[in-house]
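User: Please take a close look at a single part of the structure shown here, and describe its surroundings in one connected account.

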Amino acid sequence: MDLQERGEAQERNQFFTDGRAMRTPPTGTVAVGFLKDDDHLWRGLDDQGHVAATLPEGIKLDDALLKRGENRYNIYCSPCHGQQGRADGPANRRVADGFAKAPANFHDPDYQPVPLGYFYKVGTEGYGTMKGYASQIPDPKDRWAIAAWIRVLQVSHRAKQSDIPAQFAQNAKGAK
């Protein structure tokens with residue numbers, strides 16, 4: 001057992017007709033840990049193949065998720081989209097004439113009715129000149145947290161004083 005015959009990467013091996021020790025995996029195989037069969041979680045699609053309107057099962061909308069979403073948004077998204085989602089991030093302001101195509105303003109009426117999965121899908125795969133961020137944000141739960149935070153930005157942007165619960169209204173008046 002100590003001296004087994006085995007092939008090293010890039011080594012020649014006369015056992016196979018092509019002389020290579022490294023073998024191509026059989027068609028249809030998936031490496032352990034890489035089976036991404038939950039389309040809702042990994043691709044932002046519901047069971048009908050449409051962009052999902054809700055968070056995937058197992059991701060709970062709570063303070064921890066929103067705090068994580070805010071944190072990840074501020075790191076990865078705000079440089080272009082701005083802290084409030086108005087497409088006025090420092091990267092856009094720093095370029096002399098701005099980007100060739102401005103980043104999305106999440107408060108634009110076109111983005112109000114889009115399903116939550118849209119933000120997840122665009123953040124994962126990219127859209128137009130924006131590249132996907134799946135490699136920078138490998139955990140899909142973090143990308144869903146960012147999508148939830150974008151929705152929070154949208155809702156807070158449209159909020160009125162009357163939307164604030166009575167127990168918090170006094171603090172909100174003092175904050176002005």
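Analyst: Helix α6 supplies five residues to the lining of the second largest pocket, the largest share from any element. The model is predicted, so local features need pLDDT of at least 70 and side-chain atom pairs 80 or more, whereas totals for chains, interfaces and linings use all residues. Residues are numbered from 1 along each chain as its sequence is written, and side-chain values use heavy atoms, without hydrogens and water.

The second largest pocket (an open set of points on a 1 Å grid where a 1.4 Å probe fits, with protein on both sides within 12 Å along at least five of seven lines) has a volume, the space filled by probe spheres set on the points, of about 240 Å³. Its lining (residues with an atom within 4 Å of a point) consists of Leu55, Leu61, Leu66, Leu116, Ala148, Arg151, Val152, Val155, Ser156, Ala159 and Asp163. By class, eight of these are nonpolar, one is polar and two are charged; Ala, Val, Leu, Ile, Met, Phe, Trp, Tyr, Cys and Pro count as nonpolar, Asp, Glu, Lys and Arg as charged, and the others as polar.

Two of these lining residues, Leu66 and Leu116, lead to the helices packed against α6. Leu66 belongs to α2 (residues 63–76), whose axis comes within 7 Å of that of α6 and crosses it at roughly 90 degrees. α2 is therefore roughly perpendicular to α6, a label for angles of 65 to 115 degrees. On the α2 side, the contact (heavy atoms within 4.5 Å) involves Leu65, Leu66, Arg68, Gly69, Glu70, Arg72 and Tyr73. The α6 side contributes Lys141, Asp142, Ala145, Ile146, Ala148, Trp149, Ile150, Val152 and Leu153. Ten nonpolar, one polar and five charged residues make up this contact.

Leu116 is in α5 (residues 116–125), which packs on α6 (residues 140–158) at about 130 degrees, with the axes 9 Å apart. The two helices are therefore oblique to each other. Leu116, Gly117, Phe119, Tyr120 and Thr124 of α5 meet Pro140, Arg143, Trp144, Ala147, Ala148, Ile150, Arg151 and Gln154 of α6. This contact holds eight nonpolar, three polar and two charged residues.

α5 and α6 also meet at the largest pocket, where each supplies at least two lining residues, as do α3 (78–81) and β2 (130–131). α5 gives the most, with six residues. The largest pocket contains about 680 Å³ of space, and its 30 lining residues include His81, Pro103, Ala104, Val122 and Met130, which lie nearest its centre. This lining divides into 20 nonpolar, six polar and four charged residues.

Conventions: Axes are lines fitted to C-alpha atoms, for helices over the stretch in contact, and angles run from 0 to 180 degrees between N-to-C directions. Helices (H or I, at least four residues) and strands (E, at least two) are DSSP runs, numbered from the N terminus. Angles under 35 degrees count as roughly parallel, over 145 as roughly antiparallel, 65 to 115 as roughly perpendicular and the rest as oblique.
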